[in-house]
Structure formats: C-alpha cells, structure tokens
Amino acid sequence: MSRKHLGFGIDIGGSGIKGAPVDLHKGKLADERMRIDTPKPSTPEAVAKVVGEILDHFDWSGEFGCTFPAVVQHGRTRTAANVDPSWIGADARGILESATGRTALVVNDADAAGVAEVEFGAAAGNKGVVLLATLGTGIGSALITHGRLVPNTELGHIEVDGHDAESRAADSAREREELSWEDWGGRLTRYFRAVENLVWPDLIVVGGGVSKKFDRWSPFVDIRTEIVPAHLLNEAGIIGAALLAHDD
Ligand code: BGC
C-alpha cells in the first residue's frame with residue numbers, strides 16, 4: 001500500500017492510550033494497534049510522552065490525529081470531565097507537537113468516532129442528521145449532517161430529571177448502580193427523548209463497549225428515532241482521528 005493512503009490515529013482514554021496506522025481508503029487499521037496504560041496522574045506531559053512512544057513504535061514520522069475525552073477547541077482542551085484537571089485550558093496540540101516532533105490534530109473522542117462511523121461504519125452513506133452517542137465512563141456525542149461535523153456538542157451533559165445526564169445514563173452509572181438492562185434502558189429512554197427533542201436526528205448510532213450488547217438493552221429504549229449499534233467499536237476513534245488529521 002502506498003504511504004499516502006496511510007494516516008495515523010491515537011485514541012487517548014481514561015485507562016488506555018491506543019494507536020495504529022490507518023488505511024484511509026478502507027477505514028481500517030493497517031497494522032495491529034498498540035495500547036499503553038494511561039499514566040497516572042495523566043498530566044499533559046506524561047500523556048504526550050506515551051503518544052511519542054506509540055508513534056516511535058510504528059516509526060511514524062508524519063502528521064497524526066489524536067482524540068481526547070473532553071472539549072477540544074482549536075487544539076486547546078477546554079474541559080476534563082473524566083481526566084486530569086490539568087488539561088483544562090492546555091494547548092494540547094502544542095504540547096503533543098513539541099513532545100513528539102510531529103504535526104498533530106486533536107479532536108474530541110466522540111467527534112472522531114462519529115466521523116469514522118459516517119465514513120465507514122453504521123451511518124455510512126447517511127446524508128441526514130446523524131447523532132453518535134458513546135456510552136462509557138461518560139457520554140460523548142457527535143452531530144454530523146451531510147458528512148459535516150459540528151464539533152463539541154457535549155450532549156452527554158444536558159440536564160435530565162435534574163441531573164447531569166451522563167451521571168445517570170452512562171454505562172458507568174449502569175455498573176455503579178448495578179442496574180438491570182431494563183432499568184438502564186429506561187434511563188436511556190429519558191435521555192434520548194430529551195436529545196431527540198433538541199436536535200431531531202434521523203439516526204442515532206450508539207458507540208462504547210456496551211454497544212456490543214445492543215440486543216440486550218435496546219428493546220427497552222422507547223424513542224422515535226432509529227437507533228443502531230456502532231460498527232467500528234473500539235477502533236472508531238483511531239480511524240476518525242486519522243481521517244480528520246489527513247483532511248485538515
Ligand atoms: C466529556 C466528553 C467526552 C465524553 C466521552 C464526557 O464526559 O465531556 O467530551 O466526549 O465524556 O469520553
């Protein structure tokens with residue numbers, strides 16, 4: 001494969017940092033991904049060092065895309081709901097570029113996954129309004145229409161029943177409160193009804209590890225919008241970040 005069809009994506013999460021070269025034409029990883037535990041504390045400098053190790057491992061010297069689980073505005077991280085607070089206001093792009101010596105694009109994790117699902121996954125070819133919701137430690141959202149992303153929608157933090165939505169409807173809330181699939185499905189119904197009234201999506205794609213168990217809980221989600229599981233699963237962030245870096 002020619003090198004120009006290749007990109008590189010890195011997915012920074014609360015527990016692991018994963019990266020791989022990506023075949024940009026097929027929307028698939030071009031090599032086995034590498035995963036390193038997220039350092040504790042996950043300060044920008046410590047995380048940037050791991051990102052550099054992953055790039056070195058693959059001998060990747062070009063530009064790369066990198067996801068981050070928070071608001072990312074023009075390369076700067078603005079929030080840190082589930083990561084070290086020292087990221088708030090940090091020049092993430094600058095830190096990653098000076099630590100690695102490569103050009104970086106930094107993007108919200110759900111936004112990257114949404115771009116990948118629309119290009120190559122569960123919403124491929126959909127020209128309407130697609131909402132990707134990742135259900136994990138938090139709730140991430142990506143809003144895409146005609147293939148164009150509106151970044152940083154942060155629909156995981158809308159208020160539902162007097163609470164920050166992700167504190168009650170994320171997969172971590174299901175685990176923490178030991179909710180049955182039916183009870184959690186009820187929480188998701190409340191959550192997605194609020195969201196569908198705000199943005200009226202044509203399709204909701206659900207990502208995050210629990211999307212693999214879609215058949216267990218989706219019968220309990222009673223909303224008007226079509227809802228489907230993500231296809232690219234834990235590779236979506238890497239693929240989307242690589243695509244966005246290439247198109248930047
Ligand atoms: C953050 C989002 C992120 C999501 C998933 C939320 O708590 O605010 O920026 O996309 O978690 O990681």
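This chain splits into two parts: domain 1 (3–111 + 235–247) and domain 2 (125–230). Keep in mind that you're looking at a predicted model. Going by C-alpha atoms, the centres of domain 1 and domain 2 are 24 Å apart. Where the two meet, domain 1 puts nine residues into the contact, and domain 2 puts in 14 residues.

Now for the ligand. Which pocket does the ligand take up? The space taken by the ligand is the largest pocket. Both domains help to build its surroundings: domain 1 and domain 2 each give at least three residues to the shell around the ligand.

Who's in that shell? You'll find Pro69, Ala70, Val71, Ala81, Asn82 and Asn108 there, along with Asp109, Ile139, Gly140, Glu154, His157 and Glu166. Sorted by class, the shell has five nonpolar residues, four polar ones and three charged ones.

Some of these residues place an N or O atom close to an oxygen atom of the ligand. Here are the distances:

| Residue | Part of the residue | Distance to an oxygen atom of the ligand |
|---|---|---|
| Alanine 70 | backbone N or O atom | 3.4 Å |
| Asparagine 108 | polar side-chain atom | 3.0 Å |
| Histidine 157 | side-chain N or O atom | 2.7 Å |

How much of the ligand's accessible area does the protein cover? On its own, the ligand has 310 Å² of accessible area, and the protein covers 92% of that.

To pull it together: the ligand takes up the space of the largest pocket, and its shell draws residues from domain 1 and domain 2.

Methods:
Residues are numbered from 1 along each chain as its sequence is written. This is a predicted model: local features need pLDDT of at least 70, side-chain atom pairs count only at pLDDT 80 or more; totals for chains, interfaces and linings use all residues. Side-chain values use heavy atoms; hydrogens and water are left out. A residue is near a molecule or strand if one of its heavy atoms lies within 4 Å of it. A polar contact is a pair of N or O atoms within 3.5 Å; within protein, one must be able to donate a hydrogen and the other to accept it, and residues adjacent in sequence count only if both atoms are side-chain atoms. Accessible areas come from the Shrake-Rupley method with a 1.4 Å probe; for residues, only the protein chains shown count as cover. On a 1 Å grid over the protein atoms alone, a cavity is a set of points where a 1.4 Å probe fits but cannot get out, and a pocket is an open set with protein on both sides within 12 Å along at least five of seven lines; lining residues have an atom within 4 Å of a point. A molecule sits in a cavity or pocket if more than half of its atoms lie within 2 Å of its grid points. Ala, Val, Leu, Ile, Met, Phe, Trp, Tyr, Cys and Pro count as nonpolar, Asp, Glu, Lys and Arg as charged, and the others, Gly among them, as polar. Domain bounds come from an automatic or database domain assignment. Contact means heavy atoms within 4.5 Å.
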